[in-house]
Amino acid sequence: MTVSPKTIILFLMLWFMALPVPARLHAQEESAPLTLASAIGMAYKSNKEIQIQEQEVRAAKANRLGAVSNVLPKVNVNGSYTRNDAVPDYGVAMASDPKKDIGLFTGYINDTLLGVSVAESLFNGGADI
């Protein structure tokens, strides 16, 4: 018995079309019934207007935070550390006292700097309100 290519193609097409149907029926049987609370939740999540309003509320909260930060004092902290390999010694002993050094001071071997500043605007012409 010889099967024509048209019959094979027709069989495969019908087989592929029939495949998703039992899967859909099975999925409907397993899903829980839709309650009022879940229906409201689904509508709330898929409503574009509600999502836009939520974004506007987030933007308003961010703008409020920015407005409050203009009134608060500004605090700056900075620091640095410098490690020098060697400090040149330009010292020359005095002839009268060989223990006394009249050398030039060129700095310490290690320099550490730490600074803190606080600034508060007392009056800004009402621009911060």
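Modeller: pLDDT is the predictor's confidence in each residue, on a scale from 0 to 100. This is a predicted model, and its protein chain averages 76, with 65% of the residues scoring at least 70.

Colleague: Where in the protein chain is confidence lowest, and where is it highest?

Modeller: The low is helix 2 (residues 20-30), at a mean of 54, and the high is strand 1 (residues 74-83), at 90. Local features need pLDDT of at least 70 and side-chain atom pairs 80 or more, while totals for chains, interfaces and linings use all residues. Residues are numbered from 1 along each chain as its sequence is written, and side-chain values use heavy atoms, with hydrogens and water left out.

Colleague: What makes something a helix or a strand here?

Modeller: Both are DSSP runs, numbered from the N terminus: H or I over at least four residues for a helix, E over at least two for a strand. The protein chain has four helices and two strands, in the order α-α-α-α-β-β.

Colleague: How do you know that the span of helix 4 agrees with its 24 residues?

Modeller: The expected span is 1.5 Å times one less than the number of residues. For residues 48-71 that should give 34 Å, and the end C-alpha atoms are 36 Å apart, so the two agree.

Colleague: What makes Asn47 a cap for helix 4?

Modeller: A polar contact is a donor-acceptor pair of N or O atoms within 3.5 Å (sequence neighbours count only if both atoms are side-chain atoms). At the N-terminal end, a side-chain oxygen of Asn47 lies 3.0 Å from the backbone nitrogen of Glu49.

Colleague: Why does Leu122 count as exposed?

Modeller: Exposed means over 50% relative accessible area, buried under 20%, and partly exposed in between (1.4 Å probe, protein chains only). Leu122 has 82%, so it counts as exposed. Leu122 sits in the segment after strand 2, with its C-alpha atom 9.2 Å from that of Val71, 51 residues apart along the chain.

Colleague: Why is strand 1 called hardly covered?

Modeller: Its count of buried residues is zero out of 10. Strand 2 likewise has zero among its 10, and 0% of the chain's 129 residues count as buried.

Colleague: How do you know that strand 1 and strand 2 are joined?

Modeller: Two strands pair if DSSP finds at least two bridges between them. Here 10 bridges join strand 1 to strand 2 (residues 110-119), and they run antiparallel. Ser80 has Leu113 in strand 2 as its bridge partner, and Val75 stands opposite Val118.
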